[in-house]
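This report looks at one helix, the nonpolar cores and two buried polar residues. The structure comes first.

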Amino acid sequence: MKLLVQRVSSSRVLIQGNETATIGKGVLVFVSFDPEDTYSEITKLSEKLLNYKFFSGEDKKLSLSVLESKAEILVVPQVTLSINTKKGLKPSFSGAANPGTGLKLFGQLINLLAISMKGIKAGEFGADMSIELVNDGPITFWFES
């Protein structure tokens, strides 16, 4: 499982020109699943995502989590995070979970996040999406199980 997390002041997902999800202050999370990923990895990384210090506190240091800062989360499936780019010039999706497994794991991730936090927003698995964001900082983190 891989997460590319960007702190944003706003972000939204459009599918065929229609806005399907939007957030204000929060994190935009691009997620990809590998064939060996399990519910256990999803549980660990969802806890890390909710509790990692992405936001500045009164001390101007990164000392507040999504939960502590009452920020929002927008989760977008992005299979290309699982592509190995070390060799060749054409993407191979063999490093990614198959679509059925990816869809199941994506649903599990959203459900786990929703237990701790109301209003989780998400892109649509398998859809051709346009993502708009205003990266705040810029602050971007990479997480991998």
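The buried residues of α1 pack against a wide set of elements: β1 (2-15), β3 (26-32), α2 (66-69), β6 (72-77), α3 (99-116) and β8 (129-144). The model is predicted.

**Helix α1**

Helix α1 covers residues 39-51, 13 residues in total. From its first C-alpha to its last it reaches 18 Å, close to the 18 Å expected at 1.5 Å a residue. Which residues of α1 are buried? They are Ile42, Leu45, Ser46, Leu49 and Leu50. These residues lie on the same side of α1, because they cover an arc of only 135° around the axis. An α-helix has 3.6 residues a turn, so residues three or four places apart point the same way.

**Nonpolar cores**

The largest nonpolar core has 27 residues. Within this core, Val27, Phe33, Ile73 and Val75 touch the most other members. At least two residues each come from β1, β3, α1, β6 and α3. Helix α3 supplies the largest share, six residues.

Valine 75 shows what such a member meets. Leaving aside neighbours within four places in sequence, valine 75 is in contact with Val29 and Val31, and also with Phe106, Leu109, Ile110 and Leu113. Its other contacts are Ile120, Lys121, Ala122 and Gly123.

A second, separate core has 11 residues. Val8, Val13, Ile23 and Phe30 are among them.

**Two buried polar residues**

Lysine 2 lies in strand β1. Serine 82 sits in the loop between β6 and α3. Are they buried or exposed? Lysine 2 counts as buried because its relative accessibility is 11%, under the 20% cut-off. Serine 82 also counts as buried, at 7% relative accessibility.

Each side chain has a polar partner, as the table lists.

| Residue | Side-chain partner | Polar contact |
|---|---|---|
| Lysine 2 | Aspartate 34 | 2.7 Å |
| Serine 82 | Serine 32 | 2.5 Å |

The wider surroundings follow, not counting residues up to four places away in sequence. Lysine 2 touches Phe30, Val31, Ser32 and Asp34, along with Leu81 and Ser82. Trp142, Phe143 and Glu144 also touch lysine 2. Serine 82 touches Lys2, Ser32, Phe33 and Asp34, plus Gly95 and Ala96. Lysine 2 and serine 82 thus touch each other, and Asp34, the polar partner of lysine 2, is also touched by serine 82.

Technical notes
Residues numbered from 1 in each chain as written. Predicted model: local features only at pLDDT ≥ 70, side-chain atom pairs only at ≥ 80, totals over all residues. Heavy atoms only, no water. Helix = DSSP H or I, 4+ residues; strand = E, 2+ residues; numbered from the N terminus. Expected span 1.5 Å × (residues − 1). Buried < 20%, exposed > 50% of the residue type's maximum accessible area, 1.4 Å probe, protein only. Arc of directions from axis to C-beta. Contact = heavy atoms within 4.5 Å. Polar contact = N/O pair within 3.5 Å; in protein donor to acceptor, adjacent residues only side chain to side chain. Core = buried A, V, L, I, M, F, W, Y, C linked by side-chain atoms within 4.5 Å.
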